[in-house]
Amino acid sequence: MKAIVVHEFGAPEVLKLEDMPTLKPGSGQVVVRIRAAGVNPFDTYMRAGVYAIKPPLPYVPGGEGAGAVDSVGEGVKTVKPGDRVYVAHPMTGTYAEYTLALESQVHRLPERVTFQQGAGIYVACGTAYHALHHQAKAHASETLLVHGASGGVGIAAVQIARAMGMTVIGTAGTDKGLELVRREGAHFAFNHRHTGYLEEIMIATHGRGVDVVLEMLANVNLGNDLKLLAKFGRVIVIGSRGDVSILPRDLMARSASVRGFTLWNISDAHAADVHAGLDAALETGIVRPIVGKEMPLGDAARAHKEVMEPGAFGKIVLVP
Ligand code: NAP
């Protein structure tokens with residue numbers, strides 16, 4: 001099979017398209033023919049060798065994808081060859097024609113969801129769902145700021161929160177991104193590259209502030225997020241790329257809190273909740289993954305450059 005292989009950590013150019021041996025499922029395992037693989041910022045940190053998790057070299061990147069079940073091992077009960085599925089953190093990387101997964105890492109893909117959309121379900125939509133429900137414990141009557149709403153996680157958060165009944169404010173850095181954020185359900189959308197947008201957010205809440213912030217770039221925004229919070233507000237740190245300083249009194253004055261998490265640490269109970277919630281949301285159309293760009297598998301290096309550039313528009317996926 002064709003796969004992208006990383007032999008050494010480094011720049012995007014270390015992603016090489018190569019031939020690899022075919023995968024065979026062991027007991028309780030499933031081989032999935034990948035039709036689209038999701039590209040995530042953490043794939044780039046891992047490839048560069050700067051992520052908390054350093055896979056043994058060589059490795060095939062990719063933590064999620066969608067396709068059809070190719071073969072199943074002994075004892076597999078929930079899926080059979082030909083079933084449309086998406087995979088979440090499988091045993092082998094998804095930047096490949098095939099991936100090997102445990103049965104528990106394979107989930108049915110509703111008919112209305114394309115393989116390209118399915119490629120970006122777990123990391124983006126799973127993160128958004130977990131952040132809102134388990135970390136922020138958000139309520140329908142609350143106001144949410146999705147700080148960085150035009151990318152994979154942000155758009156899913158906007159869709160889920162709007163369906164919950166929250167008042168949703170989203171930010172993006174381009175007109176196209178702002179239009180997407182409004183189209184997918186935000187009541188208000190502001191440009192995080194414009195001076196004065198923080199004041200605009202405050203005005204949109206009539207000076208009260210927001211109850212929950214989902215933060216995609218904490219190293220830039222955390223200090224300001226605290227000043228945007230209403231009393232008892234919560235900032236959930238989803239993404240950060242460096243240091244930041246904050247004024248603790250901004251937290252104290254509001255009895256507010258800051259929490260961070262990574263999806264890798266999610267408990268089994270929360271993971272089960274995320275999949276149950278997402279399955280329903282995908283089936284009913286509440287979650288509608290947005291695919292901004294499709295690229296051939298061999299263009300993995302270009303995908304890694306583009307996922308780190310400004311001007312996000314949903315997900316980038318690789319098509320083997
Ligand atoms: P993405 O698709 O690349 O989107 C990045 C988002 O950040 C875009 O909406 C982008 O907006 C926005 N952004 C850029 N500059 C910003 C600024 N100054 N202020 C606010 N937002 C800004 O990435 P993603 O998949 O949504 O992931 C977002 C972040 O969360 C990444 O850092 C990723 O590594 C992290 N993440 C963490 C977890 C976890 O488990 N904690 C899981 C998934 C992702 P424009 O491009 O429109 O400017």
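The protein chain exposes about 13800 Å² of surface. Carbon and sulfur atoms supply 54% of that area. These values, like those that follow, come from a predicted model. Buried residues make up 57% of the 320 residues in the protein chain.

The overall fold was described next. The protein chain contains 10 helices and 15 strands. Its radius of gyration is 20 Å, close to the 20 Å that the globule rule gives for 320 residues, so the chain is as compact as a globular protein of that length. The C-alpha trace spans about 60 × 40 × 35 Å along its principal axes. Contacts were then sorted by separation in sequence. Among contacts between residues at least 6 apart in sequence, 65% join residues at least 24 apart.

Charge was examined as well. The protein chain carries 31 positive and 31 negative charges. The mean positions of these two sets are 3 Å apart.

One helix was examined for burial. Helix α3 covers residues 121–135. Of its 15 residues, 14 are buried, so α3 is largely enclosed by the rest of the structure. Buried here means under 20% relative accessible area. K137 follows α3. The phi of K137 is positive, near 50°.

Aromatic rings were considered last. A pair of aromatic rings is described by the distance of the centres and the angle of the planes. The structure holds six aromatic pairs. One of them joins Y45 and Y51. Their ring centres are 6.0 Å apart, and 40° lies between the planes. This pair is tilted. Y45 is partly exposed, with a relative accessible area of 23%. Y45 and Y51 also belong to a cluster. Ring pairs link these two residues with F42 and W264.

Another aromatic pair is formed by F188 and F190. The centres of the two rings are 6.4 Å apart, with 5° between the planes. This pair is stacked, because planes under 30 degrees apart count as stacked. The two partners fall on opposite sides of the 20% cut-off for burial. F188 has 31% relative accessibility, so F188 counts as partly exposed. F190 has 12% relative accessibility, so F190 counts as buried.

Technical notes: Residues are numbered from 1 along each chain as its sequence is written. This is a predicted model: local features need pLDDT of at least 70, side-chain atom pairs count only at pLDDT 80 or more; totals for chains, interfaces and linings use all residues. Side-chain values use heavy atoms; hydrogens and water are left out. Buried means under 20% relative accessible area, exposed over 50%, partly exposed in between (1.4 Å probe, protein chains only). Helices (H or I, at least four residues) and strands (E, at least two) are DSSP runs, numbered from the N terminus. The radius of gyration is taken over C-alpha atoms; the globule rule is 2.2 Å times the number of residues to the power 0.38. Contact means heavy atoms within 4.5 Å. Accessible areas come from the Shrake-Rupley method with a 1.4 Å probe; for residues, only the protein chains shown count as cover. Lys and Arg count as positive and Asp and Glu as negative; His and the chain ends are not counted. The place of a charge is taken as NZ of Lys, CZ of Arg, CG of Asp or CD of Glu. Rings of Phe, Tyr and Trp (its six-membered ring) pair if their centres lie within 6.5 Å; planes under 30 degrees apart count as stacked, over 60 as edge-to-face and the rest as tilted.
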